[in-house]
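Open the model in your viewer and keep the selection panel at hand. Each stop below says what to select and what is there.

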Amino acid sequence: MKAYAAAARERLTGRELGALPVTAALAVIMIVFSSLNSHFLSSENLTNLALQMAATGTISLGVIMVLLLGEIDLSVGSVSGLCAVVMTIQTVRHGLHPLLAVLLALAAGAAIGLLHGLMFTRIGMPSFVVTLSGLIGWQGLLIYLLGKGGTINLPFDGSIAKLSDTWLPDALSWTLAAVITAVYAAVAVLTRRARAGLDLPFEPVLRPALRITALAALLAIVVRILTTDRGVPLTLVIFASLVVVLDVLIRHTVAGRRMYAVGGNAEAARRSGINVTRVRTLAFVASGTIAAFGGVLAASRLSAVNQNSGGSDILLNAIAAAVIGGVSLFGGRGRTYAALLGILVIQSITNGMLLLNVDSSVRFMVTALVLALAVALDSLARKGRPEGLG
Amino acid sequence: MAALLAVRGVIKRYGPVRALAGVDLEVRAGEVVALVGDNGAGKSTLIKVVSGVTHADEGVITLDGRPVTVRGPHDAQALGISTVHQDLALCENLDVVANLFLGHEQRRFSWLRELRMERTARDLLASLDVRIPEIRTPVAALSGGQRQSVAIARALIGEPRLVILDEPTAALGVEQTAQVLALVRRLRDRGLAVLLISHNLVDVTAVSDRVAVLRLGSNAGEFTTREATQEMIVAAITGAGYGS
């Protein structure tokens with residue numbers, strides 16, 4: 001009990017803020033916009049928000065893989081666009097089966113990530129420069145591949161476009177929410193039993209019970225809102241699943257543990273026998289692959305690829321989302337949920353400002369402010385307990 | 001009792017400089033040997049040779065009387081030699097359990113066996129009487145003495161026979177130094193051979209069984225701690241009379 005109290009205090013005193021600041025920011029944003037515009041919290045608008053999140057949110061997940069090592073990947077936007085173009089050309093012009101085309105896009109993303117990883121680890125180029133040249137170069141290749149037309153449309157009734165226009169039936173959504181809650185509860189019960197079996201300390205029963213109830217309530221609210229409109233969009237389910245699966249992978253596998261270790265102290269990791277080069281290369285491959293999938297989602301939503309695919313503010317939003325969500329730029333800290341929460345913050349601001357008809361100049365400045373706040377928190381947490389907060 | 005580790009006539013040259021000019025050293029199981037000497041006396045070089053970070057140009061290292069070749073840190077670990085470097089090499093963002101098993105995670109396929117590692121970690125820390133309130137918080141939240149204790153405990157994960165501690169008390173306050181020295185005694189009580197490098201003669205006389213003095217890359221005296229005074233050791237370090 002005492003230990004948990006200490007852990008809770010630790011979290012509140014600034015070192016391990018975790019998801020607290022971003023959740024608070026989200027609550028403030030929701031309250032402000034809903035009081036300014038009654039349409040903001042409507043099911044229709046929240047459904048749009050969910051649709052707008054998936055692609056950039058997925059790309060943000062890829063960025064997190066590299067940020068966890070204390071490195072940066074500036075190429076994820078271009079890579080997402082390029083891979084989407086590869087997929088579209090193969091399926092539209094060469095008639096490749098859509099599923100194979102998607103797999104090809106993922107393979108292309110992985111190959112590009114591998115190239116970046118090797119340039120970083122073998123040649124020793126800074127990741128900033130490697131991926132900056134990637135940002136420019138892959139954008140160039142994208143424009144080259146698109147050729148004169150500059151735009152290729154995906155058939156509206158094709159399975160790739162359908163991806164963004166598929167809605168879960170209400171019954172299925174509720175079942176899914178129930179199953180997720182049940183699995184979460186089962187894991188909590190089993191973990192508790194296993195800890196007790198090994199004579200390890202375990203939480204008082206109230207805490208997991210509260211978490212399970214909170215999850216059930218959250219899922220119920222989301223499903224309730226989305227089913228009143230068109231239903232739960234498939235892309236949201238895909239994005240959320242990716243977040244959860246990647247979180248479980250990086251926190252419970254040896255490879256994931258080593259990513260955190262390299263991000264925390266690369267020299268210590270090397271001396272304990274960890275192959276740092278391999279871990280770093282793996283992170284870039286993961287980043288490229290996930291970016292490619294984000295590109296597929298973006299192309300699906302637009303039903304087309306064009307010279308702007310993966311361009312404009314996608315890269316910046318993806319990185320900003322990760323950082324706003326609580327991933328440290330200094331490496332070793334953060335979870336994949338940052339992508340979900342961070343992109344929710346950014347898209348809420350964008351969406352809310354558009355509803356209010358605010359000029360994009362203001363929107364940029366507000367987003368910048370939130371980003372600066374997030375990085376300030378990160379920097380303070382790194383410096384240790386800030387004066388006056390302890 | 002025969003020595004667990006014996007170093008004979010080790011020479012190490014860096015260009016024209018002889019960092020080690022034929023050094024002998026013995027450490028027995030269940031014994032704490034303090035290696036002392038002024039800056040540049042060759043302590044670090046000798047440790048690097050034994051822990052596989054660098055190679056001797058001449059000389060023999062034997063374990064249990066058998067000559068061994070230590071080509072790298074991995075060789076040293078496989079031979080049962082574990083080193084705690086002065087900078088500890090902990091990942092501050094990871095918790096105590098993760099740090100203890102860093103690079104040697106218990107796994108089922110590539111899935112971490114988290115609970116089993118935590119059980120082993122708690123047992124290990126308890127057997128060493130290391131008290132850390134919450135071993136699931138990041139190491140960044142621990143005190144200097146606790147970090148040193150975690151680093152020493154980590155050296156025991158591979159069940160070594162010789163533990164080398166490089167300046168374990170250098171950055172610690174009085175109380176934390178006492179904790180770490182108590183931990184060193186418990187290593188000895190477990191039957192481990194401990195080689196302790198230190199600048200602090202108070203610590204050295206408090207915890208060691210024997211003191212080996214290096215000066216300018218050569219042996220400059222060896223004392224049974226019980227029978228030696230600090231003055232004798234200082235004299236050997238500076239080369240002013242007595243044994244030299």
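Start in chain A, and keep in mind that this is a predicted model. Select Ala240(A), Val243(A) and Asp247(A) in H10(A), then add Tyr337(A), Ala339(A) and Leu340(A) in H15(A): the two sets meet each other. By class, this contact has five nonpolar residues, one charged residue and no polar ones. Now widen the selection to both helices, H10 at residues 234–252 and H15 at residues 337–355 of chain A. Two packed helices are described by the angle between their axes and the distance between the axes. Here the angle is about 145°, and the axes of H10(A) and H15(A) are 8 Å apart.

Next, show both chains and look at where they touch. How many residues does the contact take from each chain? Chain A gives 28 residues and chain B gives 23 residues. On the chain B side, select strand E8 (111–112) and helix H4 (114–127), each of which supplies at least two residues. H4(B) gives the most to this side, with three residues. The chain B residues that touch chain A divide into 12 nonpolar, six charged and five polar.

Hide chain A and move to the sheet in chain B. It is open, has six strands with mixed pairing, and follows the order E6-E9-E10-E3-E11-E12. Strand E6 (81–84) and strand E12 (218–224) of chain B are the edges, each pairing on one side only. From one strand to the next the twist averages 20°. Strands of a sheet pair through backbone hydrogen bonds, either parallel or antiparallel.

Begin at the E12 edge. Strand E11 (residues 210–215) of chain B pairs with E12(B) in the antiparallel sense over five bridges. To see one of these pairs, select Arg210(B) and its bridge partner in E12(B), Thr224(B). Then add helix H8 (residues 230–238) of chain B, which lies across strand E3 (32–36), E11 and E12 and runs at about 25° to E11(B).

Now go to the other edge. E6(B) and E9(B) pair in the parallel sense over four bridges. Select Val84(B) and its bridge partner in E9(B), Leu165(B). In E10(B), Leu165(B) has Leu196(B) as its bridge partner. E9(B) and strand E10 (residues 193–197) of chain B also pair in the parallel sense, over five bridges. The chain passes from E9(B) through H6(B) to E10(B) in a right-handed β-α-β crossover. Helix H5 (residues 144–155) of chain B lies across E6 and strand E9 (162–166), running at about 165° to E6(B).

Stay on E9(B) and colour by burial. Is this strand enclosed or open to its surroundings? Five of its five residues are buried, so E9(B) is largely enclosed by the rest of the structure. In a regular strand the side chains alternate between the two faces of the sheet. Leu162(B), Ile164(B) and Asp166(B) are on one side of E9(B), Val163(B) and Leu165(B) are on the other, and both faces are covered.

For the last stop, select Thr169(B), in the loop between E9 and helix H6 (174–189) of chain B. Thr169(B) has 27 other C-beta atoms within 10 Å, and 20 or more count as buried, so Thr169(B) is buried. Leaving out residues up to four places away in sequence, Thr169(B) touches Thr177(B), Val180(B), Leu181(B), Ser198(B), Asn200(B) and Asp203(B). Finally, add Gly144(B): its C-alpha atom is 9.4 Å from that of Thr169(B), with the two residues 25 residues apart along the chain.

Methods
Residues numbered from 1 in each chain as written. Chains lettered and ligands numbered in written order. Predicted model: local features only at pLDDT ≥ 70, side-chain atom pairs only at ≥ 80, totals over all residues. Contact = placed C-beta atoms within 7 Å. Nonpolar A, V, L, I, M, F, W, Y, C, P; charged D, E, K, R; others polar. Pairing = 2+ DSSP bridges. Axes fitted to C-alpha atoms, helices over the stretch in contact; angles between N-to-C directions. Buried ≥ 20, exposed ≤ 12 C-beta atoms within 10 Å, placed from the backbone. Right-handed = clockwise from strand over helix to strand, strands pointing away.
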